[in-house]
Amino acid sequence: MVLAGSAACGTVENLSAGQKLDRAFDKLGKEHSLSFELDLDADAKTLRAIGAEAEPGEEIPDEMAELFSGARISVSVQSEKPFDESAEKDFTGMAVTFSGPEGDLLEYRVVGDYTYFRVDVDAFAKMSGTPMPSAGELPESAGAFKKMLNGEWVKVATEELEKTRDEMEGMQAPEGGKPSAEPTLDAKAQKKLMKALREVIAREVDFKTSAGEDDTEHIMATAPFRTLLTELFDEIRPLAKELPPGAEFPTAKDLKEVPNKKVTADFTLKNGALTEVSVDLAKLAENAEVKKLALVLRMGRGEKATAPAGATEVKLDELMEGFFQGASEGTFADESFPETARG
């Protein structure tokens, strides 16, 4: 939205592109359900080539390269109100899936009063190179953790998850006090920040429009990467104390090491609606072997999240207890240690 609004500060073509993007984002805000799919458009060979330049010991394992070359994250969200009017209480369902080349690795759904999830533990173990115990190796006391190892659905009351979250936030609060509210930008500061960001983008980003296939239209936004990042963070940095905790900004030294090659974001519109955004990252790799490397986000109408059949209800503390017990008995029971360590 910052990108769309900022285009009006530039050339006539920027203005036209900005108006189209603005209308496309406005359409998204009027929807009651949306789906998003994020994936990395690169093959395993490309990812291994990038990893080859890493420090010794930090190279990308072949299994990891294979995973990320075919990985994608899919999200579907529903709300009772249009998204641009929705608060947290208005969302009625959510489904998140993390998939690899051989199928779904992790699924997570919020439906009604419960949060459902299941994990392909074997696939994660293979990917990470860390063995996990099989369900048959664990005692019955491992309970729900055994079901997780079998790839079965389990469910936890969402209220319990929220309570645990609040308790963890309380533990981080000053003794005897309440967790401090997350900082928020006041309306005046928000307006000032948006104006500054739009001016930076209008100054550094070039927009071009072109016709695509099947009644689609492409809006290309191109900018020198390091210059754009540096100027954006220079505008945001003075407001750091007013942003949510945990937001860390790169230092000037960090930014100097970022390539300043031009990067292009391709926005695909169909009948005026935004359907895909692809960011070409190949030039940032600065590696002749890297020919195709892009981050792709696809958008569409979301499907209603449904509760999976046969999910076992568990308590969060029981699940965690089973996890630690299972990991201890299944992973470390047969480990051998040097005599010096036993004492």
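**Helix packing and nonpolar cores in the predicted model**

The buried residues of helix 3 pack against two elements, strand 1 (33-41) and helix 4 (62-69). Helix 3 itself spans residues 44-51, and its buried positions are Ala44, Thr46, Leu47, Ala49 and Gly51. These descriptions, like those that follow, refer to a predicted model.

The contact between helix 3 and helix 4 was examined in further detail. The two helices pack at an angle of about 130°, and their axes lie 8 Å apart. Helix 3 is therefore oblique to helix 4. The crossing of helix 3 past helix 4 is right-handed. On the side of helix 3, the contact is formed by Ala44, Leu47 and Arg48, which meet Asp62, Ala65, Glu66, Phe68 and Ser69 of helix 4. Classified by residue type, this contact of helix 3 with helix 4 comprises four nonpolar, one polar and three charged residues. Of the helix 3 residues in this contact, Ala44 and Leu47 are also among the buried positions of that helix.

At the level of the whole protein, the fold contains 13 helices and twelve strands. Of its 343 residues, 35% count as buried. Among contacts with a separation of 6 or more, 64% are accounted for by residues 24 or more positions apart.

The largest nonpolar core consists of 27 residues. Within this core, the residues with the most contacts are Val205, Phe207, Ile219, Leu228, Phe267, Leu269 and Leu274. At least two core residues are supplied by each of helix 2 (12-30), helix 8, strand 8 (216-224), helix 9 (225-236), strand 9 (262-270) and strand 10 (273-280). Helix 8 provides the largest share of the core, namely five residues. A second core, separate from the one just described, has twelve residues, including Phe117, Val121, Leu149 and Leu319.

Leu228, one of the residues with the most contacts inside the largest core, touches Val200, Ile201, Glu204, Val205 and Ala223 when residues up to four places away in sequence are not counted. One of these partners, Glu204, belongs to helix 8, which covers residues 187-204. Glu204 has a relative accessible area of 18% and is classed as buried because this value falls under the 20% cut-off. With residues up to four places away in sequence again left out, Glu204 touches Thr222, Ala223, Pro224, Thr227, Leu228 and Glu231. Ala223 is thus named among the contacts of Glu204 and among those of Leu228.

Methods: Residues are numbered from 1 along each chain as its sequence is written. This is a predicted model: local features need pLDDT of at least 70, side-chain atom pairs count only at pLDDT 80 or more; totals for chains, interfaces and linings use all residues. Side-chain values use heavy atoms; hydrogens and water are left out. Buried means under 20% relative accessible area, exposed over 50%, partly exposed in between (1.4 Å probe, protein chains only). Helices (H or I, at least four residues) and strands (E, at least two) are DSSP runs, numbered from the N terminus. Contact means heavy atoms within 4.5 Å. Axes are lines fitted to C-alpha atoms, for helices over the stretch in contact, and angles run from 0 to 180 degrees between N-to-C directions. Angles under 35 degrees count as roughly parallel, over 145 as roughly antiparallel, 65 to 115 as roughly perpendicular and the rest as oblique. A crossing is left-handed if the near helix is turned anticlockwise from the far one by less than a right angle, and right-handed if clockwise. Ala, Val, Leu, Ile, Met, Phe, Trp, Tyr, Cys and Pro count as nonpolar, Asp, Glu, Lys and Arg as charged, and the others, Gly among them, as polar. A nonpolar core is a set of buried Ala, Val, Leu, Ile, Met, Phe, Trp, Tyr and Cys residues joined through side-chain atoms within 4.5 Å.
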